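Student: I should like to learn how to read a protein model feature by feature. May we begin with the overall fold and then turn to the details?

Tutor: Certainly; please look at the chain shown here.

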Amino acid sequence: MPDLTAPAVELADGRGTSPAQWWCATAAGTIVSLPFAWLLSYAAMLPFYLGLFFFMLFGLVIGAVVYRIAAPGRPYGRFAVLTGTTLIVGVCWTLSIVKESRDFPADVAADAVLRSRDIGRRSADEYRTAVAEEVRSFLRERHSPGGVLGYARWMLLEGEIKKGAIPSFDQTLRRSPARIGWAIRVVLSIALLGFAVGSQTLSLSRRSNPVASPAQPILR
């Protein structure tokens, strides 16, 4: 007769039996993150850092989708889980900042139309197009190579286009938060998005329930 008081022998704690399932879940999470990245590019610009809340909220949703798909095949290797989680967070955040930077010239042009006292003989659409192209040229010339990197450098170093810097608009254009404030926003957005997704996915490297000994049954 077996000794019921003897401690249970721990079962093998090896890696997940279906690593392909984890990578399928990672792919699904990455796809799900794409529309959220688009929304985050707008949320990030909300005043007083209010947009940071959405990095946490959307991250929880993305992580929950990954967990739902991957949970039946747990546990997975820690390195695989960490790599997949980092990939999802990286893709989502990077796309959000790319869209933010690509929208910047058009945003400035729309603001210029509202604030300009004289747009000459051009229509509003022609004026917006001209200002947007001048902003792109400004970033390329002052913060090479322009684009996403130029936008990031401009936000960190200036955060404003001074009067006379672009030919079609004679007022100073500002974006807030800028410089240190923008750097803080970037760091917090990455941290909150990573924490939210990871809070759902990182536990997949562990078994769903610990192995209990017969003398200490799991309470239900």
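Student: How many helices and strands are there in the chain?

Tutor: This is a predicted model, and its chain holds 6 helices and 2 strands. Read from the N terminus on, the elements run α-α-α-α-α-β-β-α.

Student: What share of the contacts joins residues 24 or more positions apart?

Tutor: One counts the contacts with a separation of 6 or more, and here 74% of them are between residues 24 or more positions apart.

Student: What percentage of the residues count as buried?

Tutor: A residue is called buried when its relative accessible area is under 20%. Of the 220 residues of this chain, 39% meet that description. The chain exposes about 13000 Å², and carbon and sulfur atoms supply 64% of that area.

Student: Which residues make a nonpolar surface patch?

Tutor: Tyr49, Ile180, Ile184 and Leu188 make such a patch, of about 360 Å². Consider Ile184, which is found in helix H6, residues 180-201. Its relative accessibility is 38%. Partly exposed residues lie between the limits of 20% and 50%, so Ile184 counts as partly exposed.

Student: Which peptide bond that ends at Pro145 is cis, and where is Pro145 placed?

Tutor: To read a peptide bond, one looks at the angle omega. The bond from Ser144 to Pro145 is cis, with omega near 5 degrees. Pro145 is placed in the loop between helix H4 (124-142) and helix H5 (147-157). The bond from Ser176 to Pro177 is also cis, with omega near 0 degrees. Pro177 is in the loop between strand S2 (173-174) and H6.

Student: What is the phi of Phe48, and where does Phe48 lie?

Tutor: For phi, one notes the sign and the type of residue. Phe48 is a residue other than glycine, and its phi is positive, near 60 degrees. It lies in the loop between helix H1 (19-43) and helix H2 (52-70).

Student: Why is Phe48 described as exposed?

Tutor: Exposed means a relative accessible area over 50%. Phe48 has 74%, and is therefore exposed.

Student: What is the phi of Arg179, and how much of Arg179 is accessible?

Tutor: Arg179 is not a glycine, yet its phi is positive, about 55 degrees. Arg179 is found in the loop between S2 and H6, the loop that also holds Pro177. Because its relative accessible area is 48%, Arg179 is partly exposed.

Definitions and conventions
Residues numbered from 1 in each chain as written. Predicted model: local features only at pLDDT ≥ 70, side-chain atom pairs only at ≥ 80, totals over all residues. Heavy atoms only, no water. Helix = DSSP H or I, 4+ residues; strand = E, 2+ residues; numbered from the N terminus. Buried < 20%, exposed > 50% of the residue type's maximum accessible area, 1.4 Å probe, protein only. Contact = heavy atoms within 4.5 Å. Areas by Shrake-Rupley, 256 points an atom, 1.4 Å probe, with all protein chains shown as cover. Patch = residues over 30% accessible without salt bridge, like charges linked within 9 Å, V, L, I, M, F, W, Y side chains within 5 Å. Salt bridge = Lys/Arg side-chain N within 4 Å of Asp/Glu carboxyl O.
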